[in-house]
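User: I am new to this structure. Can you walk me through the ligand site and then a group of strands?
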Amino acid sequence: MNILILTGAGISAESGIPTFRDANGLWEGHPVEQVATPQGFARDPSLVHAFYNTRRRHLLSPDIRPNPAHIALAQWEQELLAPSADHPADDFLIVTQNIDDLHVQAGSRNVLPMHGELLKAQCLESGKVFAWRDDLTVDTPHPEAPEDDSKRGWLRPYVVWFGEVPLGLDRIEKAAARADLFLAIGTSGLVYPAAGIVQCTPPKCRKIEINLADTPTSPAFNEHRHGPAGIEVPKLIAELRSNSQ
Ligand code: BV8
């Protein structure tokens with residue numbers, strides 16, 4: 001059984017992280033598509049750094065924790081990939097559009113953050129990626145040359161902006177092509193190529209969408225579970241578990 005799961009901002013909503021639609025896609029009055037772009041960063045790096053600094057600090061606050069949806073997925077993965085599993089999964093992959101680390105915090109191992117990670121920074125010159133939990137500014141010293149003032153501000157958030165190519169597309173394409181079960185959890189299906197992954201799964205693949213309501217990609221799914229991910233994901237996994245006994 002090959003399982004592929006796509007998650008979006010909706011799976012982290014009950015953990016206290018606002019979705020893009022909740023913030024009606026705005027940041028300080030700027031459309032996210034303007035702020036979360038290379039052009040936006042070139043135009044006003046301090047505004048873009050502030051956008052991500054606010055989100056990074058929020059993510060690192062103690063009250064932001066994985067919710068039952070993240071936890072159920074992590075436990076299911078561990079069960080299915082355990083050597084002693086009765087019905088082991090051949091493949092189990094969570095592709096997340098989220099830049100929070102809540103899947104990993106919950107214990108998930110096979111996680112592909114296709115839009116990057118808020119807790120990493122990338123050198124604009126070398127492309128090198130660093131774990132990063134502090135604010136980033138245009139004056140941030142370079143971690144590899146803290147004394148060299150000419151290298152201050154050479155870091156950007158390790159995040160895929162609009163117009164940039166998401167991470168891991170080959171791996172995602174291969175996983176989708178062989179998926180027997182595809183779950184899309186808490187995503188509005190508005191951002192491509194993430195929203196197009198469902199189209200890459202085989203006709204015989206069971207496709208289930210979990211969301212509060214229908215989305216533009218709902219017609220591509222065989223089944224729809226409407227409700228909060230924190231309720232619907234553990235319920236669905238319990239069903240899938242009992243059906244495979
Ligand atoms: C690409 C990181 C080429 C940053 C993100 C013009 C110019 C350039 C590009 C384009 C263009 N027009 C279109 C495009 C393509 C563009 C795109 O799709 N734009 C959209 C706006 C039309 N895409 C890109 O630019 C991508 N790159 O195309 O490169 C290419 C591609 C392939 C091969 C070669 C070249 C890059 C897109 C990545 C942008 N970066 N994130 C950051 O986070 O700041 S996107 C960002 O927004 C998120 O990562 C996420 O992907 C997206 C928001 O989507 P969702 O996660 O779905 O969240 P949303 O708030 O929308 O929805 C929440 C859902 O949850 C709702 O349905 C709600 O009902 C539900 N929900 C809420 N609460 C709950 C719940 N469900 C369950 N339980 C709950 N409790």
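User: How far is an oxygen atom of the ligand from an N or O atom in the side chain of T187?
Analyst: This is a predicted model, and the distance is computed from it. A polar contact needs a pair of N or O atoms within 3.5 Å. The T187 side chain meets that cut-off, with its N or O atom and a ligand oxygen separated by 2.8 Å.

User: How much of the ligand's accessible area does the protein cover?
Analyst: On its own, the ligand has 1,500 Å² of accessible area. The share covered by the protein is 74%.

User: Which helix gives the most to the shell around the ligand?
Analyst: The shell holds 36 residues, and R21, R55, G163, S188 and N211 are the closest. Both α1 (10-13) and α4 (45-60) supply at least two residues. The top contribution is three residues, and it comes from α4.

User: How many residues of the shell are nonpolar, and how many are charged?
Analyst: Eleven shell residues are polar. The others divide into 20 nonpolar and five charged.

User: Which residue in β8 is the bridge partner of Q122?
Analyst: Strand β6 (residues 116-123) runs antiparallel to strand β8 (residues 155-159), and four bridges join them. Q122 also stands opposite V129 in β7. In β8, its bridge partner is R156.

User: Which residue takes a positive phi in the hairpin of β6 and β7?
Analyst: β6 pairs with β7 (residues 129-131) in the antiparallel sense, over three bridges. Five residues lie between the two strands of this hairpin. The residue with a positive phi, near 80°, is G127.

Conventions: Residues are numbered from 1 along each chain as its sequence is written. This is a predicted model: local features need pLDDT of at least 70, side-chain atom pairs count only at pLDDT 80 or more; totals for chains, interfaces and linings use all residues. Side-chain values use heavy atoms; hydrogens and water are left out. Two strands pair if DSSP finds at least two bridges between them. A residue is near a molecule or strand if one of its heavy atoms lies within 4 Å of it. A polar contact is a pair of N or O atoms within 3.5 Å; within protein, one must be able to donate a hydrogen and the other to accept it, and residues adjacent in sequence count only if both atoms are side-chain atoms. Accessible areas come from the Shrake-Rupley method with a 1.4 Å probe; for residues, only the protein chains shown count as cover. Ala, Val, Leu, Ile, Met, Phe, Trp, Tyr, Cys and Pro count as nonpolar, Asp, Glu, Lys and Arg as charged, and the others, Gly among them, as polar.
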